[in-house]
Amino acid sequence: MDREKRNHLIRLFVAIAAVYIFITILEFTLRPTSIVFTVLRKGAIYSLVAVSMNLLNGFTGLFSLGQAGFMLLGAYTYAILTMPLSVKQSERVYKYYDCIVQFDTGVFIGLIAAGLVAAFFAFLIGLPVLRLKSDYLAIATLGFAEIIRAIFQWDVLGPLTNGANLLREFKDLSRITIPFTDIPFPPTLFVFIVVGISILLIVLLINSSYGRAFKAIRDDETAAEAMGINLFRHKELSFVISSFFAGISGALLAMFQYTVQAQQFRTVLTYEILLIVVIGGIGSISGSCIASFLYIALSEWWLRGLDMGTFLGIEAPDLFRSGFRRLVFSVIIMVIVLFFSRGIMGDKELSYERFRNGIRRLVPGRRAR
Amino acid sequence: MRKTLLFLAVALIASAMVFAGGSSESDSTVVKIGVFEPASGDNGAGGKQETLGIQYANSLTPTVMIGDTEYSVELVIADNESSNDRAASAAATLVNAGASVVLGSYGSGVSIAGSDTFRVAGVPAIGITCTNPQVTEGNTHYFRICYLDPFQGTVLANYAYNELGARKVYCLAKLGDDYSGGLVNYFVEQFTALGGEVVSETFPDGNSDFTSYIANAKNGGCEVFFSPVSTEAAQLIINQADSQGLGMPILAGDTWDSNVILQAALGKDVDITVTTFYPEGADPEFDAAFKEWVNADSTRLANNGGDDTISAVTAMGYDAYYFALQAIQNAGSTDPADIMEALWTTEIDGVTGHIALEQVNGDAIRNTVYVKHANTTTGGWDALPAVVVD
Amino acid sequence: MADFFQQNLSYFLSGISVGGQYALIAIGYTMVYGILRLINFAHGDVFMCAGLMMVYFSSALPFTLSIPAVLVLTLLLGFIIERVAYKPLRSAPRMSVMISAIGVSYLLQNAALYFTGGLAKVYPEIPVLSKSIQIAGATTRVVTIITPFLTIILVVLLSLLIKHTKMGMAMRAVSRDFETSQLMGIKINKVISMTFMLGSLLAAVASFLYFTNYASVTPTSGSMPGLKAFVAAVFGGIGSIPGAVIGAFIIGICENIIKGGASIFGIPGSGWTTFSDAFTFAFLIVVLIVRPTGLFGEKSVDKV
C-alpha cells in the first residue's frame with residue numbers, strides 16, 4: 001500500500017471518528033427535543049436512501065423510480081416484526097383486525113428483515129422490468145411502487161398490515177436500548193451507526209469488481225456486454241442491493257417518526273429523493289450525503305420561518321404563509337437542475353485534497369503553488 | 001467559477017440561517033402554547049377555523065396569572081398539512097419552539113401520528129376535535145375535550161335507524177383515514193346491532209370521481225348515504241350526488257359542520273344531516289362577538305371560508321384555549337410536566353358546555369350531540385333536536 | 001343483458017367520459033414523447049393549472065372571456081415551460097431532462113399550494129356543460145355526453161393538422177429523425193414549441209370537461225389524471241395519437257368498472273376499490289412486458 005493511499009485512509013478514518021464523537025457529545029449536551037437532532041436523524045436516513053438510489057441511477061445507469069415502494073416494504077416489515085406481542089394482542093393498534101403475526105423480534109433482526117423483504121420483492125420485480133429501457137424502466141418501477149402501496153392498504157391483508165391504518169408502538173427510536181440492558185440507546189447515534197455501516201458496505205461494493213462492472217454498464221451497455229459482463233445479472237444485483245438498503249432506510253424512517261402508514265410512501269417521496277441525488281451530484285456518494293443533510297436542514301429548520309410568518313427577522317405574515325417554504329424550495333431546485341446540473345459534487349467524492357484545493361482557490365494570497 | 005459561487009451561496013445561506021433558525025430563548029414571563037393544526041391539505045379548511053377560535057380566545061385573554069406573576073401567552077402555530085408523515089415534523093417544530101402545552105389537531109390521524117413526538121418530549125397535548133379513541137388510548141400525555149367516535153357513531157346509527165327509518169345504509173370512508181374509517185366502523189357496529197344492513201366501501205387518496213360510488217349506493221338499494229369524510233371530498237360528493245340524482249339523505253359527522261358544505265350544497269338537490277359539537281345560536285353573546293372579530297379583518301374572514309358562519313370547531317378551539325389556560329393556572333408553572341399533571345383535574349364551563357375529563361384516558365365527559373340539517377335555499381344550518389345520551 | 005346494461009349504464013357513462021378526458025391529456029404526452037423522447041411529468045400539472053386559472057378568472061370575468069383566456073394562458077404556460085426548463089437541456093442526457101420535468105411538476109404543485117393556501121378550490125359551473133340530464137334512466141351531466149364526441153372531433157382535427165399542414169409535416173419529420181430534419185432546414189425549436197402548445201391547449205380543454213364533472217381543484221388534482229393519461233399513451237404505443245385515445249378510453253372504463261365491481265358483478269366483500277388506481281399501473285406493466293411498443297407503436301432500433 002503506497003503512502004498516499006495510507007494517508008488517505010487514515011484521514012478518512014479520523015474524519016469519520018470525529019463525526020461520531022461529535023454526535024455523541026451532542027447527545028449528552030443538547031436538549032433532547034432540539035431540532036438539531038431531527039435534522040441529523042432525518043438527514044442521515046435520507047442519506048442512506050439517496051445513496052441507495054445513487055447506486056442504481058448514478059453508478060449502474062438504471063433510471064428507477066421505485067424507491068418509495070421499497071422503503072414502504074422495509075418500514076412495514078420492521079414495524080410488524082418488532083411490535084411487542086402484547087400490543088399486537090391488545091386493541092390499541094390492530095383495532096379492526098386480529099393480528100396474525102404472533103411473535104415479535106428485536107431491533108437488529110427487524111432491520112435485517114426489513115432489508116431482506118425489500119430485496120426479495122426487488123428480485124421478483126426486477127425479473128420483468130429490468131429488461132426495459134431507460135424511461136420505460138422509470139415508469140414501470142414507479143408503477144410497481146404504486147401497486148405495492150395499494151396492496152398494503154388492502155382490507156383483506158388487514159390482519160397483517162392493519163389495513164390502511166397507522167402502525168405504531170413498535171420499537172421506535174424512543175424505545176431502543178443498549179443490548180442486554182435497559183439503558184436507552186442514544187437515538188441519533190443509533191441512526192448514524194446503522195446508516196454509517198450501510199453506506200460503508202455500499203462504498204465497498206462500488207469499489208469492488210462488481211462496482212466496476214456497474215459503471216461499465218452505465219457508460220455503455222453494448223460495450224459492457226461485449227466485454228463479457230452479464231448485463232441482466234449485474235442489473236438485477238444492483239437493483240436488489242439498492243432495494244435492500246432502501247428497505248433499511250424505510251425501517252429507520254419508521255423508527256424516526258414513531259408511526260408508519262402506507263399512504264406516505266407516494267411517488268412524491270421518490271421524487272424528493274431523486275432531487276436530493278441530483279443536487280448532490282449523480283454518481284457521488286458524499287454528494288448524496290451532503291445534499292441530504294442540506295435538504296433536510298433547509299426544509300425542517302432554516303426555511304421553516306418562511307411558513308410561519310417571520311424569516312431572518314422580517315415579519316410578513318401575508319407573504320410568509322403556509323406553503324411559501326416549499327415554493328422557494330422548488331425554485332432553488334429548478335435553479336440547481338438547470339444551471340448546476342452536475343450538482344454539488346458532480347461525480348467526484350469529497351476528499352481532503354479537494355477540500356484543500358478548494359480553500360486555496362478561495363484564498364487568493366495562497367494561490368502560488 | 002460556477003461551483004465556487006454555488007458553494008459560497010450555500011455557505012452564506014447556511015451561516016445566516018443557523019442564527020435565524022436557532023430557537024430564541026424566550027424571556028421568563030412568556031408561556032408558549034403550541035397550535036398543531038392543518039392549514040393546508042384535506043382538512044385545511046377545518047384546521048384554519050379551529051385555529052381562528054384559538055386566536056380569537058387569545059386576542060381576548062392574552063395573559064395568564066401563574067402564582068403572582070402575569071405571563072403573556074404566545075401562540076406558536078405549525079401547519080401539519082393534514083398529512084400523517086408531516087405531522088411528526090410539525091410536532092417537533094412546536095416542541096423545539098418550547099411550547100408548554102399543545103392544542104390540536106383537527107383530524108385524528110395527524111394527532112395519532114404526532115402523539116409520540118409529544119410523548120417523548122414530555123409535552124401535554126389537548127385534542128380539540130379529534131374523535132378517534134386511539135388518540136388518547138393507552139397514553140397519559142394526550143387529552144381531549146370533545147366526544148369520541150364510539151359515542152358519535154352510535155348516535156348517528158340510531159338516528160339513521162330510528163329517525164330516518166333506514167334499514168340499509170351505504171358507508172363510504174377514505175382509505176387510511178383514521179377519522180372516517182373509525183367512525184364508519186362504530187356506525188356499522190351499532191347499525192347492524194339494531195338489525196340494519198350496510199354496504200361499506202373506501203376510496204383512495206386523491207380520488208375525485210365519486211360517481212361510481214354514488215351509483216353503487218343507488219344500485220345497492222341503500223336508503224341513507226353515510227360519508228363522514230373530509231370537507232374536501234364532501235364538496236365533490238355533494239356536487240356529484242346532485243348531478244347523479246342520489247335521491248337519499250346524506251348523513252355525516254362533525255367534519256361536515258362547515259360553511260364549505262353549506263356553500264357546496266346551496267341550491268343543490270341534496271338532503272344533508274350532520275352531528276356536531278356546537279350549534280350556532282347556543283351562545284348568542286359569543287356568536288356576535290366572534291362574528292364582529294372575524295369581519296374586522298379580511299385574512300380572518302378568508303380563513304373562516306369567506307363568510308362569518310360559526311363552525312363548531314371554532315367554538316371548540318375557543319374552549320380549548322381557555323381549558324389550557326386554566327390548566328396552566330392550576331399547575332402554577334409553565335413546566336410541561338406540571339401542566340400535564342394539572343390537566344387531569346382541570347374543569348371549565350365553555351361555550352360548548354361544561355368540560356371535565358375522565359381519569360382513564362383523559363377524555364372529556366360529554367353526553368350531548370347536536371344535530372343540524374343543511375338548508376339548501378338559505379345556505380345556513382337548521383338546528384334539529386339535540387341528542388342527549390345518559 | 002339489456003337489463004344488465006340498463007342497470008350499470010352510469011358506470012359506463014362515467015367511464016367513457018373520464019376516458020375522453022384522459023385522452024385529451026394523453027395526446028400531450030404522446031406528441032411530446034414522439035418528438036423529444038421525454039416523459040413530460042409536468043403535463044398533468046399544466047392541466048391542474050388550467051383548472052385553477054379558470055377558478056380565478058371566472059370569479060372576475062364572464063365565461064365568454066374566461067374560457068378563451070384560460071386557453072391562451074395554458075398554451076403560454078406550455079410554451080414557457082418548454083423554453084425555460086427543457087430547451088437549455090437539449091444536448092444534455094435524457095435523464096437530466098426528465099429530472100427537470102419532475103422539477104417543473106414539483107414547482108407547479110408547490111406554487112399552486114401557496115396561491116390556493118392548500119385548500120380545494122370550487123370549480124365554477126360552466127352553464128351548458130353542468131346541466132343534469134336523464135339518459136335511459138341514469139342521471140348524469142351534459143358534459144358526460146359531450147366529452148367523447150368533443151374528444152373525437154378534436155382528435156380528427158389534430159390528425160388533419162398533422163397530415164396536411166406544413167407544420168404537421170415538420171412535426172412528423174422531427175419525430176422520425178431529429179437530426180436529419182434539422183439538417184433539412186426544419187426549425188426544430190419552432191416545431192417543439194408548437195408541440196408543447198398544442199398539448200397544453202388540449203389539456204386546457206380537458207380541464208374544462210374534467211373539473212366540471214369533479215368540481216374541485218387541488219394542487220395535486222393533476223398528478224393522478226396525468227399519470228393515467230401517460231399510461232394510456234404507453235398502451236396505445238407512445239407517439240401514436242389514435243393509440244393514446246383508445247388507450248385512454250379503455251383505462252377510463254376499466255377504472256370505473258373496478259369501482260363498481262361489487263355492484264356490477266355481485267362480488268361480495270369490499271376492498272377492490274383500493275385497486276382502482278393501482279390497476280392502471282398493473283395494466284401498464286403487463287403492456288410493457290408483453291408488447292413494449294404498445295398497440296400502434298413503431299419498433300425502435302437501438303443504434304450502437
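**Exercise 1. Locate A:Y258 and describe its backbone and surroundings.**

A:Y258 sits in the loop between α11 and β2 (259-260) of chain A. Helices (H or I, at least four residues) and strands (E, at least two) are DSSP runs, numbered from the N terminus. The model is predicted: local features need pLDDT of at least 70, side-chain atom pairs count only at pLDDT 80 or more, and totals for chains, interfaces and linings use all residues. Residues are numbered from 1 along each chain as its sequence is written, while chains are lettered from A and ligands numbered from 1 in the order in which they are written.

Next, the backbone. Phi of A:Y258 is near 65°, a positive value in a residue other than glycine. Most residues other than glycine have a negative phi.

Last, the surroundings. A:Y258 has 25 C-beta neighbours inside 10 Å, so it counts as buried. The cut-offs: buried means 20 or more other C-beta atoms within 10 Å, exposed means 12 or fewer, and partly exposed is in between, with C-beta atoms placed from the backbone.

**Exercise 2. Describe how α3(A) packs on α11(A).**

Start with the geometry. Helix α3 (residues 67-82) of chain A and α11(A) have axes 6 Å apart, at an angle of about 55°. Axes are lines fitted to C-alpha atoms, for helices over the stretch in contact, and angles run from 0 to 180 degrees between N-to-C directions. That makes α3(A) oblique to α11(A). Angles under 35 degrees count as roughly parallel, over 145 as roughly antiparallel, 65 to 115 as roughly perpendicular and the rest as oblique.

Now the residues. Among them, A:F70, A:L73 and A:A75 of α3(A) and A:G247, A:A251 and A:L253 of α11(A) make the contact. Contact means C-beta atoms, placed from the backbone, within 7 Å. By class, there are 12 nonpolar, 6 polar and no charged residues. Ala, Val, Leu, Ile, Met, Phe, Trp, Tyr, Cys and Pro count as nonpolar, Asp, Glu, Lys and Arg as charged, and the others, Gly among them, as polar.

**Exercise 3. Find the angle between α9(A) and α11(A), and the residues that meet.**

The axes of α9 (residues 209-219) and α11 (residues 231-257) of chain A come within 10 Å and cross at roughly 110°. The two helices are therefore roughly perpendicular. From α9(A) come A:Y210, A:A213, A:F214 and A:I217; they meet A:L231, A:H234, A:K235, A:L237 and A:S238 in α11(A). The classes are 6 nonpolar, 2 polar and 1 charged.

**Exercise 4. Describe the sides that touch chain C.**

Take chain A. Its contact with chain C uses 34 residues from chain A and 35 from chain C. The largest share of the chain A side, 10 residues, comes from α6(A). That side has 22 nonpolar, 8 polar and 4 charged residues.

Take chain B. Here 29 residues of chain B are in contact with 32 residues of chain C. The chain B side has 9 nonpolar, 17 polar and 3 charged residues.

**Exercise 5. Place C:A215 and list its contacts.**

C:A215 lies in the loop between α9 (188-213) and β4 (216-217) of chain C. It is buried, with 22 other C-beta atoms within 10 Å. Leaving out residues up to four places away in sequence, C:A215 touches B:Q235, B:L236, B:N239, C:V122 and C:Y123.

Note on methods:
Two residues are in contact if their C-beta atoms, placed from the backbone, lie within 7 Å.
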